[in-house]
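Colleague: Before I use this model for anything quantitative, I would like a close look at one loop residue and at what surrounds it. Please take the account outward from there, step by step.

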Amino acid sequence: MSLSAKGYVYAMLSAVAYGTNPIFALPLYHDGMDVNTVLLLRYAIGALVLFLMIALHNRRSLLIGLKDLGGLTVMGVLMVLSSITLFASYDYLSAGIASTLLFFYPVMVSLIMALVYKERLGWRKIFCLIMAFAGVAILSKGDDGTGISWWGFLLVMLSSLSYSLYLVYINRGPMKHLSSSVVTFYVLLVGLLFLLANSFLSGSICLPHHGWSWLNILGLGILPTVVSLWCTSQAISLIGSTQTAIFGAMEPVTAVVLGILILGETLTLMPAIGMVLIFVSVTLLVMQKSKI
């Protein structure tokens, strides 16, 4: 398998893992937990798992310079801001709609790369972006075609923008000499410190009331956190920010499929059409860039 093919695999795994966010988070909300506490425990578990992985392999790699710390702090703030706004949007939008709207970030990444870094947007890439965005737009309409909460929409768009800047910064930032595991660990550590400070200022931490909630917290800390962020870093190093972002199309598809299988949601014709458009757009992109 070529390096670019591996990059596509990492990008797909990252998107699928990140798409599991709602199935772990929503039961925790139902158990009385708030957004900040859910994310606090998610980041804590993720940071702990990565620390143990790195310490067992090469603990000296955790040593970084002050210059690296500044860049990693920026990335951590962007990531935690994206997480907070996305999870807050679940109070105003269904998990499926929030997840699909988040997919606007590939468009943002492509525009940032084109406008700031002069990356060329070929007609095929533009076509893939338009097709994928059309699929997300159809999915976001809902079953009855009614509008959605504008406050929820703005929260997701802010989440999308923060994540877009995070992806671009990984690709163009000064931390390319650091391993994916080290970068992800410090991103989570910065986010954890931010959430701890927020909990201290608000004076409230809502721990779960049921034992099964801890399984959801563990799932949040591993799949959409450690696995997704690590795979994202690997994918960007191999295929770049734009291609990695476009593969984020698998996130809303994952959320919809898991919603059907686990949360008992239904799939009607229009959402199915949206999913097909997303799959086709990603397939065309892979055919254009790599022979897998």
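What is the relative accessibility of serine 149, and how does serine 149 count on that basis?

Modeller: Serine 149 has a relative accessibility of 25% and therefore counts as partly exposed, a class that falls between buried (under 20% relative accessible area) and exposed (over 50%), with a 1.4 Å probe and protein chains only. The model is a predicted one, in which local features need pLDDT of at least 70 and side-chain atom pairs count only at pLDDT 80 or more, while totals for chains, interfaces and linings use all residues. Residues are numbered from 1 along each chain as its sequence is written, and side-chain values use heavy atoms, leaving out hydrogens and water.

The residue you ask about sits in the loop between helix 7 (123–140) and helix 8, where helices are DSSP runs of H or I with at least four residues, numbered from the N terminus. Although 57 residues separate serine 149 from tyrosine 92 in sequence, their C-alpha atoms are 6.2 Å apart in space. If neighbours within four places in sequence are set aside, serine 149 is in contact (heavy atoms within 4.5 Å) with Tyr92 and Leu93.

Helix 8 follows, spanning residues 150–172, and serine 160 lies in it. In contrast to the loop residue, serine 160 is buried, with a relative accessible area of 0%. Its side chain reaches the backbone oxygen of leucine 102 at 3.4 Å, which meets the limit for a polar contact because that limit is a pair of N or O atoms within 3.5 Å, one able to donate a hydrogen and the other to accept it within protein, with residues adjacent in sequence counting only if both atoms are side-chain atoms. Beyond the four nearest places in sequence, serine 160 is in contact with Leu102, Phe104, Tyr105 and Met108.

Serine 164 is also placed in helix 8 and is likewise buried, at 0% relative accessibility. Its contacts, again without neighbours up to four places away, are Tyr105, Met108, Val109 and Ile112, so that Tyr105 and Met108 appear for serine 160 as well. As background, an α-helix has 3.6 residues a turn, so residues three or four places apart point the same way.

From helix 8 the picture widens to the largest nonpolar core, where such a core is a set of buried Ala, Val, Leu, Ile, Met, Phe, Trp, Tyr and Cys residues joined through side-chain atoms within 4.5 Å. This core has 62 residues, and those with the most contacts inside it are Tyr43, Met75, Phe87, Tyr90, Tyr166 and Leu167. Helix 8 is among the elements that give two or more residues to the core, as are helix 2 (21–30), helix 3 (35–58) and helix 10 (211–246). The largest share, 10 residues, comes from helix 3. Apart from this core lies another, of eight residues, including Ala132, Ala249, Val256 and Ile278. Within the larger set, phenylalanine 87 is in contact with partners that include Ala25, Val38 and Leu220, leaving aside neighbours within four places in sequence.

Helix 10 also carries isoleucine 236, which counts as buried at 4% relative accessibility. Isoleucine 236 touches Leu167, Ile170, Asn171, Ser241 and Thr244, not counting residues up to four places away. Isoleucine 239, also in helix 10, is buried with a relative accessible area of 14%; under the same exclusion, isoleucine 239 touches Ser4, Gly7, Tyr8, Ala11 and Thr244. Gly7, Tyr8 and Ala11 are among the buried residues of helix 1.

Finally, a word on confidence, given as pLDDT, the predictor's own score for each residue from 0 to 100. The protein chain has a mean pLDDT of 82, and 91% of its residues reach 70 or more. Confidence is lowest in helix 12 (residues 269–289), with a mean of 71, and highest in helix 4, at 91. Where pLDDT is low, the predicted coordinates should not be read in detail.
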